[in-house]
Amino acid sequence: MNTFLDSMTTALMWVGTGDGTLWSVVGRSLWVSGWACALAALPALAMGALIASHDFRLKPVVNVVLQTFLAIPSVVLGLLVYLLLSRSGPLGGLGWLFSVKAMVLAQALLVLPLMTALARQTIEQAGPDAQDQLRSMGAGAWMRATILCWDKREALLLVLIVGFSRAVSEVGAVMVVGGNIEGFTRVMTTAIALETSKGDLPMALGLGVVLLAVVLLLNALVGVLGAWAQRQRQGVQ
């Protein structure tokens, strides 16, 4: 029988029967990405809202730097975190290297610029009229940012979901700082890479199916929430 069909059949059987090894990797991956997005959410939303609601001389430079960080390869970011957490690095005393904490930190730093840029874009969609109205009421930069964040809360929820989707599908940074240790730091993406190199296609395919299902669910949730937010805005108008 075809090797692909054999592997896919075994993979689906493992997914359906709840294979312990497979689902432990899935659970760890979701846990790491969830914590990474939770840690990045508040600073990302705050910075994005402040950049959007406050005019300052270096704003174009900040936007360029932010766009540059969006394009940074995940392996390069992983290398930087590795150097920070290595024994001779400034954070080496924490002892986080090759641990789940290091993976959470790397993913949080990876999604931070993405969520900041999306939050800034979302707040800017409020338009200059909303900004001018808040200024005329005496609202400072922080107050304007807070009010606009609350007004755009549905759209900002989509930012968090997009950030999680980016984190859970990342492989380079967590491979570098986590070491892909079985039963400890192995997540879906790193396990897929390892199992494929070993020739264990059923396990790689099983994890790939679950990862695709997670990303598909997140994208569907983004679509549903986006349509709901659009109906809410039309109802207000």
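Colleague: Which residue with a positive phi follows α10?

Modeller: This is a predicted model, so every value here is computed from it. Just after α10 the chain reaches a residue with phi near 90 degrees. That residue is G199.

Colleague: And within α10, which residues are buried?

Modeller: The cut-off is under 20% relative accessible area. In α10, the residues that meet it are M188, T189, T190, A191 and E195.

Colleague: M188 is on that list. How far apart are the C-alpha atoms of W23 and M188?

Modeller: W23 sits in helix α2. Along the chain, 165 residues separate W23 from M188. In space, their C-alpha atoms are separated by 9.4 Å.

Colleague: Is N180 buried or exposed?

Modeller: N180 belongs to the loop between α9 (172-178) and α10 (188-198). Its phi is positive, near 55 degrees, and it is not a glycine. Its relative accessibility is 10%, and the limit is under 20%, so N180 counts as buried.

Colleague: F98 also has a positive phi. Where is F98 found?

Modeller: F98 is not a glycine, yet its phi is about 60 degrees. Its relative accessibility of 35% falls between 20% and 50%, so F98 counts as partly exposed. Its place is the loop between α4 and α5.

Colleague: What is the make-up of the secondary structure of the protein?

Modeller: Read along the sequence, the pattern is α-α-α-α-α-α-α-α-α-α-α. The count comes to 11 helices and 0 strands.

Colleague: What share of the contacts with a separation of 6 or more comes from residues 24 or more positions apart?

Modeller: Buried residues make up 42% of the 237 residues. Now take the contacts with a separation of 6 or more. Residues 24 or more positions apart account for 76%.

Colleague: How much of the exposed area do carbon and sulfur atoms supply?

Modeller: The protein exposes about 12700 Å². Of that area, carbon and sulfur atoms supply 68%.

Colleague: Which residues make the nonpolar surface patch of about 410 Å²?

Modeller: Take V76, one of its members. V76 lies in helix α4 (residues 74-85). Its relative accessible area is 37%; a patch residue needs over 30%, so V76 passes that test. The full set is V75, V76, L79, L80 and L83.

Colleague: The structure holds 2 aromatic pairs. Why is the pair of W31 and W35 described as it is?

Modeller: A pair of aromatic rings is described by the distance of the centres and the angle of the planes. For W31 and W35, the centres are 6.0 Å apart, within the 6.5 Å limit. Their planes meet at 55 degrees, which is neither under 30 nor over 60, so the pair is tilted.

Colleague: Which helix holds both W31 and W35?

Modeller: The two are 4 residues apart, about one turn of the helix. W31 is partly exposed at 47% relative accessibility, and W35 is partly exposed at 44%. Both lie in helix α2 (residues 20-53).

Colleague: How does the reach of α8 compare with what is expected at 1.5 Å a residue?

Modeller: Helix α8 has 16 residues. From first C-alpha to last, α8 reaches 23 Å. That is close to the expected value of 22 Å.

Colleague: Which residues does S165 touch, not counting those up to four places away in sequence?

Modeller: S165 is in helix α8 (residues 153-168). At 14% relative accessibility, under the 20% limit, S165 counts as buried. The buried residues of α8 also include L158, V159, I161 and F164. Outside its sequence neighbours, S165 touches V215 and L218.

Colleague: Is L118 buried, partly exposed or exposed?

Modeller: L118 lies in helix α5 (residues 100-124). Its relative accessible area is 23%, and buried requires under 20%, so L118 is partly exposed.

Colleague: With which residues is L118 in contact, leaving aside its neighbours within four places in sequence?

Modeller: Start with L158, 40 residues from L118 along the chain. The C-alpha atoms of L118 and L158 are separated by 9.3 Å. Beyond its sequence neighbours, L118 is in contact with V159 and V162.

How values were computed. Residues are numbered from 1 along each chain as its sequence is written. This is a predicted model: local features need pLDDT of at least 70, side-chain atom pairs count only at pLDDT 80 or more; totals for chains, interfaces and linings use all residues. Side-chain values use heavy atoms; hydrogens and water are left out. Buried means under 20% relative accessible area, exposed over 50%, partly exposed in between (1.4 Å probe, protein chains only). Contact means heavy atoms within 4.5 Å. Patches are made of residues with over 30% relative accessible area and no salt bridge: like charges are joined within 9 Å, nonpolar side chains (Val, Leu, Ile, Met, Phe, Trp, Tyr) within 5 Å. Accessible areas come from the Shrake-Rupley method with a 1.4 Å probe; for residues, only the protein chains shown count as cover. A salt bridge is a side-chain nitrogen of Lys or Arg within 4 Å of a carboxyl oxygen of Asp or Glu. The expected span of a helix is 1.5 Å times one less than its number of residues.
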